[in-house]
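Here is my note on the model you sent, set out as numbered points. Please read it with the structure open beside you.

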Amino acid sequence: MNNKNQAPLLSVDEALDFLLRRAQPVEAVEDALTADALGRVLAASQTSRINVPPHDNSAMDGYAVACADLYPAGTTRLRVSQRIPAGKVGISLELGTAARIFAGAPIPPGADAVVMQEDTTPAGDAVIIHRAVPSGTNLRYAGEDIAQGNTVLQAGTRLGPQHLGLAASVGIARLPVYRKLRIATFFTGDELVMPGELLGPGQIYNSNRFTLNGLLRCLGFTAIDLGIVPDNLDATIAVLKQAAPEADVILTSGGVSVGEEDHIKAAVERLGTIDMWRIAMKPGKPLAFGRIDNAAFIGLPGNPVSVFVTFCIFARPFLLRSQGVMNVTPRSYWVEANFDWLMPDRRREFLRARLEPGMDGQSRAAIYPHQGSGVLTSTVWGDGLINCPAGTPIKRGERVRYIPFAELLAWH
Ligand code: AMP
Ligand code: MG
């Protein structure tokens, strides 16, 4: 139903594009110990000051040899002239001898291959080599993994365990990271009470608080949680006044529809600016975006599934980009539909779905039978979303776009 007071429907892509263009990455940079940088976002690309590995070294326990000393067919007996464990440096290989060597130990000058222990038999101060090997066998060359001067980590990367390991492997002890984004949340609704309290007539539990703060924590954010705010203009203005100076982003649920009980728009407008959007998506049509002084404002809808989905599709990329993350697009995959969706909405739909392995071993997407925007059960049953283009029926066996929750709840 479109009446004159309502803005036209915005497509998901238009809304996302609008948001990302307005996400201002935090500027302040902190110096973190590499050990403490997990989950932080790298503020400057890092290059390696060393080669990795730093020297040509053995990939195996065995004997370093000059291949020219080996008989091409049959066995060779060589005196063992030195022993090089990992962490020690040998001397030039004497002509016609072998060096006992262990994995990771530097190759002595004069040797050009390592014969693995399994192809040899020790014989007193000598070793019998059972087969000839070509030059380069079982060698790892200096700089093979990382050459000195290579960029090892890109600015805008959210640092996972593997990034910290790589930084450490080239000797980087401290990393420049963006300061943490400050996010404030609150939840509008006179009907809301907290779990642990008695549910009175007409009341419901504030589940959005748990979903939203959980989503934020999954992405490495911690929110300043301002709790439940009643449905009146003064209370909404008061909490916004409190939140704005403390936060880079204010994130709320509910109160963004057009009823008399919805005060978000008027309250934000009193202090700053706001655009109310009706987005051509299901669930989650109403969404608000605005600004109060230096704080961005995102008003998510109230319905619990709409909160989950609109957070994942809009708030997540906005917040990550505001935190300085470059790659904010969740990966999605083509999968086969194991369902019919014959009455598509005119809006883009994000169906709660899960992959189920078939008898043939191939996984196909099934959808939860109740796709209502209040049915949180669907988000627990599912393991992802099917992104359905507007107005397009889906028949079993067709390919659909699947976004795993793991992509949406994880950092990149
Ligand atoms: P609203 O957008 O405020 O009209 O809310 C839409 C629907 O979501 C209503 O049924 C609300 O009761 C429900 N709702 C709003 N906020 C929450 C919340 N924090 N937790 C659970 N349900 C909510
Ligand atoms: Mg409400």
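1. A side-chain to backbone contact is a convenient place to begin: the side chain of Thr-34 reaches the backbone oxygen of Ile-172 at 2.9 Å. Please keep in mind throughout that this is a predicted model. Thr-34 sits in the loop that runs between strand E2 (29–33) and strand E3 (46–47), and with a relative accessible area of 7% Thr-34 is buried, because the cut-off for that class is under 20%.

2. The loop between E2 and E3 also holds Ala-37, which counts as buried at 0% relative accessibility. The C-alpha atom of Ala-37 is separated by 52 Å from that of Ala-123, a residue 86 positions apart from Ala-37 along the chain.

3. A second contact of a side chain with the backbone involves Asp-345, whose side chain reaches the backbone nitrogen of Arg-347 at 2.9 Å. Asp-345 is placed in the loop between strand E23 (333–337) and strand E24 (348–357), and its relative accessibility of 18% makes Asp-345 count as buried, since the limit is under 20%.

4. How many salt bridges does a search of the whole structure find? The search finds 15, and one of them is formed by the side chains of Asp-31 and Arg-174, with an N to O distance of 2.7 Å. Because Asp-31 lies in strand E2 while Arg-174 lies in strand E13 (residues 174–178), this pair ties together parts of the chain that are 143 residues apart in sequence. Arg-174 counts as partly exposed, at 44% relative accessibility.

5. The side chains of Arg-182 and Asp-248 likewise meet in a salt bridge, at 3.2 Å from N to O. Arg-182 is found in the loop between E13 and E14, and Asp-248 in the loop between helix H4 (233–243) and strand E18 (249–253), so that this pair ties together parts 66 residues apart in sequence. As for accessibility, Arg-182 counts as partly exposed at 37%, whereas Asp-248 is buried, with a relative accessible area of 15%. The pair should be read together with Arg-179, as Arg-179, Arg-182 and Asp-248 are linked in a network of salt bridges.

6. Is Glu-407, the partner of Arg-331 in a further salt bridge, buried or exposed? The side chains of Arg-331 and Glu-407 meet at 3.0 Å, N to O, and the pair links distant parts of the chain, 76 residues apart, with Arg-331 in the loop between helix H6 (304–322) and E23 and Glu-407 in helix H8 (residues 405–409). Glu-407 counts as buried, at 10% relative accessibility, whereas Arg-331 is partly exposed, with a relative accessible area of 48%.

7. My final point concerns charge on the surface, where Asp-190, Glu-191, Glu-260 and Glu-261 gather in a patch of negative charge. Asp-190, one of these residues, lies in the loop between strand E14 (183–188) and strand E15 (192–193). At 46% relative accessibility, Asp-190 counts as partly exposed, because that class lies between the limits of 20% and 50%.

Note on methods: Residues are numbered from 1 along each chain as its sequence is written. Chains are lettered from A and ligands numbered from 1 in the order in which they are written. This is a predicted model: local features need pLDDT of at least 70, side-chain atom pairs count only at pLDDT 80 or more; totals for chains, interfaces and linings use all residues. Side-chain values use heavy atoms; hydrogens and water are left out. Patches are made of residues with over 30% relative accessible area and no salt bridge: like charges are joined within 9 Å, nonpolar side chains (Val, Leu, Ile, Met, Phe, Trp, Tyr) within 5 Å. Accessible areas come from the Shrake-Rupley method with a 1.4 Å probe; for residues, only the protein chains shown count as cover. A salt bridge is a side-chain nitrogen of Lys or Arg within 4 Å of a carboxyl oxygen of Asp or Glu. Lys and Arg count as positive and Asp and Glu as negative; His and the chain ends are not counted. The place of a charge is taken as NZ of Lys, CZ of Arg, CG of Asp or CD of Glu. Helices (H or I, at least four residues) and strands (E, at least two) are DSSP runs, numbered from the N terminus. Buried means under 20% relative accessible area, exposed over 50%, partly exposed in between (1.4 Å probe, protein chains only). A polar contact is a pair of N or O atoms within 3.5 Å; within protein, one must be able to donate a hydrogen and the other to accept it, and residues adjacent in sequence count only if both atoms are side-chain atoms.
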